[in-house]
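Work through these three short exercises with the model open. Try each task before reading its solution.

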Amino acid sequence: IQKLDEYLEVNWLKDYTLTSEEEKVLSNFESGKVEWREFMLWGLFDIATWRDVIVWNVIEWTIPLISHQHDNNWITKKIAQLENRRLFNCKDTLPLADRWVFLATTQNEDFHIWTRVKALKFQDWEKNLKSRLFFVSSINKLQILFTEYSENATDNLPNLDISLPTKNNKPDYEIMETLISAIQKLVIRDVVLYTDRKTEATEIEQ
């Protein structure tokens, strides 16, 4: 509990008060006032695949190698940069595991992809972490619909639609970021209140 409390303090996570804008957007979301639209994945992303990597032959270093396993945020191991392999920019690309699982993630460092993984590169340039997290959540909601595809995946994706908040018929990144920020604060609030209760109970016992 003490370590968790110190982590929250050091990372400025103990302030979970929603801003007026976060409250407004969250209220609009809960009451169905946010405008949504379906978008085709191939209309939002350039999609890349890559050939296999002989994992036991690579040099361990600092670059994440992303696979279809979903432990450790999809990172199989960290390696040295591979020659003749594309190094994907983590700020404009989402890895998507599409064999046996169908799950996207976002990374904090530039990365290589392994087989059974696609790289979804935003066509409209880099996105901040909150926008990327919103897209990851939207894509992963589709997992249950594509079991058959995930067992027989190809270099192309099926015609996938994801639902996004919109403004002027375009993705509304401002609302996405505000929603993610509000949800993060609500989760953090529960954690902070939990640590406060535990700390208080420990002090009483002592």
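**Exercise 1. The largest pocket**

Which residues lie nearest the centre of the largest pocket, and how many residues line it?

Solution. Note that this is a predicted model.
- Step 1: Count the lining. The largest pocket has 13 lining residues.
- Step 2: Go to the centre. Trp 36, Phe 134, Ser 137, Ser 138 and Lys 141 lie nearest to it.
- Step 3: Find the elements. Helix H4 (129–140), strand S9 (161–167) and helix H6 each give at least two residues to the lining.
- Step 4: Sort by class. The lining holds eight nonpolar, three polar and two charged residues.
- Step 5: Add the volume. The space in this pocket is about 250 Å³.

**Exercise 2. H1 against H6**

Describe how helix H1 packs on helix H6.

Solution.
- Step 1: Take the geometry. H1 (residues 2–10) and H6 (residues 173–205) pack at about 135 degrees, and their axes are 10 Å apart.
- Step 2: Name the arrangement. Because of that angle, H1 is oblique to H6.
- Step 3: Give the hand. The crossing of H1 past H6 is left-handed.
- Step 4: List the contact. H1 brings Leu 4, Asp 5 and Leu 8; H6 brings Val 191, Val 192, Thr 195 and Asp 196.
- Step 5: Classify these residues. Four are nonpolar, one is polar and two are charged.

**Exercise 3. The enclosed space**

How many cavities of 30 Å³ or more are there, and which residues line the largest cavity?

Solution.
- Step 1: Count. There is one cavity of 30 Å³ or more.
- Step 2: Size it. The largest cavity has a volume of about 30 Å³.
- Step 3: Trace the wall. Trp 50, Val 53, Leu 82, Arg 85, Arg 86, Phe 88, His 112 and Ile 113 line the largest cavity.
- Step 4: Classify. Its lining has five nonpolar, one polar and two charged residues.

Key: Residues are numbered from 1 along each chain as its sequence is written. This is a predicted model: local features need pLDDT of at least 70, side-chain atom pairs count only at pLDDT 80 or more; totals for chains, interfaces and linings use all residues. Side-chain values use heavy atoms; hydrogens and water are left out. Axes are lines fitted to C-alpha atoms, for helices over the stretch in contact, and angles run from 0 to 180 degrees between N-to-C directions. Helices (H or I, at least four residues) and strands (E, at least two) are DSSP runs, numbered from the N terminus. Angles under 35 degrees count as roughly parallel, over 145 as roughly antiparallel, 65 to 115 as roughly perpendicular and the rest as oblique. A crossing is left-handed if the near helix is turned anticlockwise from the far one by less than a right angle, and right-handed if clockwise. Contact means heavy atoms within 4.5 Å. Ala, Val, Leu, Ile, Met, Phe, Trp, Tyr, Cys and Pro count as nonpolar, Asp, Glu, Lys and Arg as charged, and the others, Gly among them, as polar. On a 1 Å grid over the protein atoms alone, a cavity is a set of points where a 1.4 Å probe fits but cannot get out, and a pocket is an open set with protein on both sides within 12 Å along at least five of seven lines; lining residues have an atom within 4 Å of a point. Grid points are joined across faces, edges and corners, and a volume is the space filled by probe spheres set on the points.
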